[in-house]
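Please find below some notes on side-chain contacts, set out point by point. They are meant to be read beside the coordinates.

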Amino acid sequence: QVQLVESGGGLVQAGGSLRLSCAASGSTGSITAMGWYRRAPGKQRELVAVITSGDNTNYFDSVKGRFIISRDNAKNAVFLQMNSLKPEDTAVYYCNARSSISGWYYDYWGQGTQVTVSS
């Protein structure tokens, strides 16, 4: 089992920045990738950014060049630096960790943190 705790959400004006943090605990040695998803009101959850244990990253097109995902393996933490925020970035952001055990994959989720961008 992996437990995830997020922090760093809040209210910011368009053009501003926020930094989200996610701390993992439990069976962290099985984690192969960590990422951030978001769900805006009335929309489906979408992947924002992901980083693998080998530090490969991938971003949703709309956040490329504005968001940066990073991780601190020693602290079992993942971060999302969000710059040049837009009102359409408003959503609940969820931290995700994917574990691999004996060829099976398991997804774990944080409780979510609200990000609101005002115009």
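1. The model is a predicted one. To begin with a cation over a ring: Arg 45 lies over the face of Trp 109, 4.1 Å from the ring centre. The charged end of Arg 19 likewise sits over a ring, that of Phe 79, at 4.4 Å from its centre.

2. Trp 109 also takes part in an aromatic pair, and the count of such pairs comes to one. The ring centres of Tyr 37 and Trp 109 are 5.0 Å apart and the planes stand at 70°, so the pair is edge-to-face; the cut-off for that class is over 60 degrees. Tyr 37 belongs to strand β4 (residues 31-39) and Trp 109 to strand β10 (residues 104-109), so that the pair links distant parts of the chain, 72 residues apart. Tyr 37 is partly exposed, at 22% relative accessibility, and Trp 109 is partly exposed with a relative accessible area of 31%.

3. Strand β10 also holds Tyr 106. Together with Ile 101 and Trp 104, Tyr 106 forms a nonpolar surface patch with about 340 Å² of accessible area. Tyr 106 counts as partly exposed, with 36% relative accessibility.

4. The disulfide count is one. Cys 22 is joined to Cys 95, with an S to S distance of 2.1 Å. The torsion about their S-S bond is about -85°, so the disulfide is left-handed. Cys 22 is in strand β3 (residues 18-26) and Cys 95 in strand β9 (residues 91-101), and this link between distant parts of the chain covers 73 residues. Both cysteines, Cys 22 and Cys 95, are buried.

5. Five salt bridges are counted. Arg 38, Glu 46, Arg 66 and Asp 89 are linked in a network of them. Arg 38 bridges to Glu 46, with the closest N and O atoms 2.7 Å apart. Arg 38 is buried at 5% relative accessibility, whereas Glu 46 is partly exposed at 25%.

6. Which residue in the loop between β8 and β9 forms a salt bridge with Arg 38? The partner is Asp 89, with the closest N and O atoms 3.0 Å apart. Arg 38 lies in strand β4 and Asp 89 in that loop, so the pair ties together parts 51 residues apart in sequence. Asp 89 is buried, with a relative accessible area of 1%.

7. Asp 89 forms a salt bridge with Arg 66 as well, the closest N and O atoms being 2.8 Å apart. Arg 66 is in the loop between β6 (57-59) and β7 (67-72), 23 residues from Asp 89. Arg 66 is buried, with a relative accessible area of 10%.

Definitions and conventions: Residues numbered from 1 in each chain as written. Predicted model: local features only at pLDDT ≥ 70, side-chain atom pairs only at ≥ 80, totals over all residues. Heavy atoms only, no water. Phe/Tyr/Trp six-rings, centres within 6.5 Å; stacked < 30°, edge-to-face > 60°. Helix = DSSP H or I, 4+ residues; strand = E, 2+ residues; numbered from the N terminus. Buried < 20%, exposed > 50% of the residue type's maximum accessible area, 1.4 Å probe, protein only. Lys NZ or Arg CZ within 6 Å of the ring centre and 35° of its normal. Disulfide = S-S within 2.5 Å. Patch = residues over 30% accessible without salt bridge, like charges linked within 9 Å, V, L, I, M, F, W, Y side chains within 5 Å. Areas by Shrake-Rupley, 256 points an atom, 1.4 Å probe, with all protein chains shown as cover. Salt bridge = Lys/Arg side-chain N within 4 Å of Asp/Glu carboxyl O.
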